[in-house]
Amino acid sequence: MAGAGIAGLTSALALAARGHEITIFEREAHLGEAGAGLQLSPNATRVLRNLGILDHLQKIAVQPQAVLLRSARDGSVKSRLPLGEQAQDRWGASYLTCHRADLQSALLECVTANRGIKLKLDALAQGFCFTGDRVSHPLSDAQFDLLLAADGIWSGLRKEVTSLDARFVGRIAYRAMLSADHPAARAIFGTTPNVHAFMAAGFHTVAYPVSGGTAYNLVVVLPGNETQRGWVQGADLDELRHAFKSTILAPLIAADGWSQWPLYEVPPLESWSRPPNLLLTGDAAHGLTPFAAQGAAMAIEDASVLAGVLDDAGSVAEALAKFERQRKPRIEQVRRRAGFNSFAWHAAGPVALIRDLVLKHRTGAKLMADFDWLYGWRED
């Protein structure tokens, strides 16, 4: 397996739970903090619970009580999706928010304790050799039946399957952390743990509690030009100040450590695999925009489905084909939802007025029903 991010570590644990022996090759010499916050909806936490990971994560994760769609101009709540115990009762699993590093730490703790998994750091993905139906790597004496490419949005192994690469989507995500005790956090978010999505013409802002509720993860998505690839770049605060002008969000500029991340997605690929022994998974296969908050969840679902089809199929090649048949329609449905959210959240003028009118008449029960297809997912 290539990659020790969320996709790779979760896949390793799901496969090891079925009796497979796994070796993870990670190009970084040390696994440090990567990324910012995560929303883990019930379709993801159900898998994490089944793998025994949730017990480790719940010590630091937060269970928000609702997703609030709010006006960035005046802060008014346009819609409320109930979470908390109602989410648990309806979808059979919790909706959690956490820091990405906390999830990776919980996964790594479980991987390290699992005798069926070997983790090799400072190991380049380009070192794999394909011979017939076997895969090898110079840092291991073993030969493998399958190489799982979980090496992220800028996958080096994707070129073994397709010539297509990740594409810039014309938007920049500005990210920061704000102490929950900061006056701006108290004034704008209150004291009840919720996910806040502020809608404005051309941009949106999402904020939710992480790190046991001691901080808020802030994400502001603005139109922008492509810069160099990379997750952490210095932010242009003038752009943020201009966006926040005439909104209730202006005090958030005081948050520490603003950075900007160009947003990329992997376009729909004709195939995620190269039979008989290579499969792309997670962001390497289907990196999504964050507008449905499902990037990590889809990687976690991938892990569960792959473990199941490998057990049920008669051969690895058959399993790869079955995996794609199951996962591609699901991913495209999520992709469409992300596109719809982007359109709705960034609407202006008459379209925004119509959006607000529709949201006004959507009860919490109706909104929850709208998410049954997404949050109520269970592996077939």
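I take helices to be DSSP runs of H or I with at least four residues, numbered from the N terminus. The model I examined is predicted.

**Entry 1. Helix 10**

I located F343 in helix 10, which covers residues 316-345. I recorded F343 as exposed, because its relative accessibility is 52% and the cut-off for exposed is over 50%. I then found that F343 joins F340 and V351 in a nonpolar surface patch of about 310 Å².

I looked next at N341, which also lies in helix 10. N341 counts as buried, because its relative accessibility is 10%. Beyond residues up to four places away in sequence, I found N341 touching F291 and A292. I also checked N341 against Q86: the two are 255 residues apart along the chain, and their C-alpha atoms are separated by 23 Å.

**Entry 2. Nonpolar cores**

I asked which residues touch the most other members of the largest nonpolar core. They are I24, L40, L57 and L103, in a core of 99 residues. Helix 9 (residues 295-312) supplies the largest share of this core, with 10 residues. I listed the contacts of L40 outside its neighbours within four places in sequence; among them are L57, L103, A296 and I300. A second, separate core holds 25 residues, including F198, Y216, L218 and W258.

**Entry 3. The sheet 7-8-9**

I traced an open sheet of three strands in the order 7-8-9, with antiparallel pairing. Strand 7 (129-131) and strand 9 (143-144) are the edges; each has a single partner strand, so one side of each lacks a neighbour in the sheet. Strand 8 (residues 134-136) pairs with strand 9 over two bridges. I noted S136 opposite Q143 of strand 9.

**Entry 4. Salt bridges**

My search of the whole structure returned 17 salt bridges. In one of them, the side chains of R134 and D145 meet at 2.1 Å, N to O. R134 belongs to strand 8 and D145 to the loop between strand 9 and strand 10 (147-149), so this pair ties together parts 11 residues apart in sequence. R134 is partly exposed at 26% relative accessibility, and D145 is partly exposed at 48%.

I then examined D302 and R327, whose closest N and O atoms are 2.7 Å apart in a salt bridge. D302 lies in helix 9 and R327 in helix 10, so the pair ties together parts 25 residues apart in sequence. Are these two residues buried or exposed? D302 is buried, with a relative accessible area of 1%, and R327 is buried, with a relative accessible area of 1%.

I also recorded a salt bridge between D370 and R362 at 2.6 Å, N to O. Finally, I found R167, E265, E332 and R335 joined into one network by salt bridges that share partners.

Technical notes: Residues numbered from 1 in each chain as written. Predicted model: local features only at pLDDT ≥ 70, side-chain atom pairs only at ≥ 80, totals over all residues. Heavy atoms only, no water. Patch = residues over 30% accessible without salt bridge, like charges linked within 9 Å, V, L, I, M, F, W, Y side chains within 5 Å. Areas by Shrake-Rupley, 256 points an atom, 1.4 Å probe, with all protein chains shown as cover. Salt bridge = Lys/Arg side-chain N within 4 Å of Asp/Glu carboxyl O. Buried < 20%, exposed > 50% of the residue type's maximum accessible area, 1.4 Å probe, protein only. Pairing = 2+ DSSP bridges. Contact = heavy atoms within 4.5 Å. Core = buried A, V, L, I, M, F, W, Y, C linked by side-chain atoms within 4.5 Å.
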